[in-house]
Amino acid sequence: NYSQVTEFILLGLSDRQELQVLLFILFLLAYAMVLLGNLLILVTVMTDPKLSSPMYFLLCNLSFIDICCTSVTSPRMLVDLLFQRKAIAFEACIAQLFFLHLVGASEMFLLTAMAYDRYAAVCRPLHYTAIMSRRVCWALVLTCWAGGFLHSVAQTLLVTQLPFCGPNAIGNYFCDVPLVIRLACADLHVTERLLAFNSGLVSLLCFLGLVASYALILAAVRTRVAQGSRKALATCSAHLLVVTIVFAPCIFTYLCPFCAGRSRRHLCMMYTVFSPVVNPFIYTLRNNEVKASMWRL
């Protein structure tokens, strides 16, 4: 009831017009790669009966989330790169914030579920079909989306309950929770702690769970043949690289939301642009079975 701000000004990535044109071309290509790569994975997995294992079911959901995640921020960013004034309505900003955290948190929980799936496949192979049944897979995916929804609702309530009566410039190319909250005309000490607990701590715990699962996988295969150990090490290393790209910026941004630094726009690019581009290559396109199915398709 005390809010007077009706729109926010997104400062974007750069004020230089010639650089904005270059960024528009680069991000348009990146967005096209995300859409085409993940749509190809979705169609391949859904049309090939050989790709019906739990791993491919989870990978299919990861591709869908990647499409949703990059579609929340990239189209708006591409449009803003073509215009000098980058204004976004208050309601549109809240909607973008809600959907970004919905798909972002769901992706974190899904990556954790995928690590559990790999742990069950490598460390409990004889019980794998019972542990990762179709019902369990659906339960994991629905739980991931439910967790993302609850997380997003909590984040949105943190923002909408604050009064905005003065500055409205956001030092980023999308509505990021810490930067939006920082513009509020209120005491933010309690809000900062709630934000760190709801986003930063959740990101940290998911990341530690992923690292622990991959450590158990490597420990389980170290006594096997050298070729299998090298393959497991290469796979886990690639997965941990992508996981770090997703989680490290989130942990840094939300565990200490009001730390020094006016803007973290370049850090946010890691999980809003770069990660959705890399995920199809690391998780799926390095798999010979998937590549063979794509050629048949």
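## Helices and a cavity in a predicted model

The unreviewed UniProt entry lists residues 20-43, 55-74, 94-116, 136-154, 201-221 and 233-255 under "transmembrane region". These annotations come from the record, whereas the structure described here is a predicted model.

Two of the listed spans can be compared with the coordinates. Residues 20-43 are 100% helix and 0% strand, and the C-alpha atoms at the ends of this span are 34 Å apart. For residues 55-74, the chain is likewise 100% helix and 0% strand, with 28 Å between the end C-alpha atoms.

**Helix pairs**

Helix α1 covers residues 17-47 and helix α2 covers residues 54-80. How do α1 and α2 pack, in angle and in distance between axes? The angle is about 155 degrees and the axes are 9 Å apart. Angles over 145 degrees count as roughly antiparallel, and therefore α1 is described as roughly antiparallel to α2. The crossing of α1 past α2 is left-handed. In this contact, 18 residues are nonpolar, 6 are polar and 2 are charged.

A second pair is formed by α3 and helix α5, the latter spanning residues 134-160. Their axes come within 7 Å of each other and cross at roughly 145 degrees. Here α3 passes α5 in a right-handed crossing. The residues of the contact of α3 with α5 comprise 17 nonpolar, 9 polar and no charged.

The table sets out the residue classes for the two helix contacts and for the lining of the largest cavity, which is described below.

| Residue set | Nonpolar | Polar | Charged |
|---|---|---|---|
| Contact of α1 with α2 | 18 residues | 6 residues | 2 residues |
| Contact of α3 with α5 | 17 residues | 9 residues | no residues |
| Lining of the largest cavity | 10 residues | 5 residues | 1 residue |

**Cavities**

Rolling a probe the size of a water molecule over the atoms shows where empty space is left. How many cavities of 30 Å³ or more does the structure hold? There are 3 of them, and the largest has a volume of about 240 Å³. This largest cavity is lined by 16 residues, of which His101, Gly104, Ala105, Met108 and Cys250 are the closest to its centre.

Which helices each supply at least two residues of that lining? They are α3 (90-123), α7 (189-221) and α8 (226-255). Helix α3 gives the most, with 7 residues. Thus α3 takes part both in the contact with α5 and in the lining of the largest cavity. The lining as a whole divides into 10 nonpolar, 5 polar and 1 charged.

Terms used. Residues numbered from 1 in each chain as written. Predicted model: local features only at pLDDT ≥ 70, side-chain atom pairs only at ≥ 80, totals over all residues. Heavy atoms only, no water. Axes fitted to C-alpha atoms, helices over the stretch in contact; angles between N-to-C directions. Helix = DSSP H or I, 4+ residues; strand = E, 2+ residues; numbered from the N terminus. Parallel < 35°, antiparallel > 145°, perpendicular 65-115°, else oblique. Left-handed = near helix turned anticlockwise from the far one by under 90°. Nonpolar A, V, L, I, M, F, W, Y, C, P; charged D, E, K, R; others polar. 1 Å grid on protein atoms, 1.4 Å probe; cavity = no way out; pocket = protein on both sides within 12 Å on 5 of 7 lines; lining within 4 Å. Points joined across faces, edges and corners; volume = space filled by probe spheres on them. UniProt positions renumbered as here; feature names shortened; annotations may be inferred.
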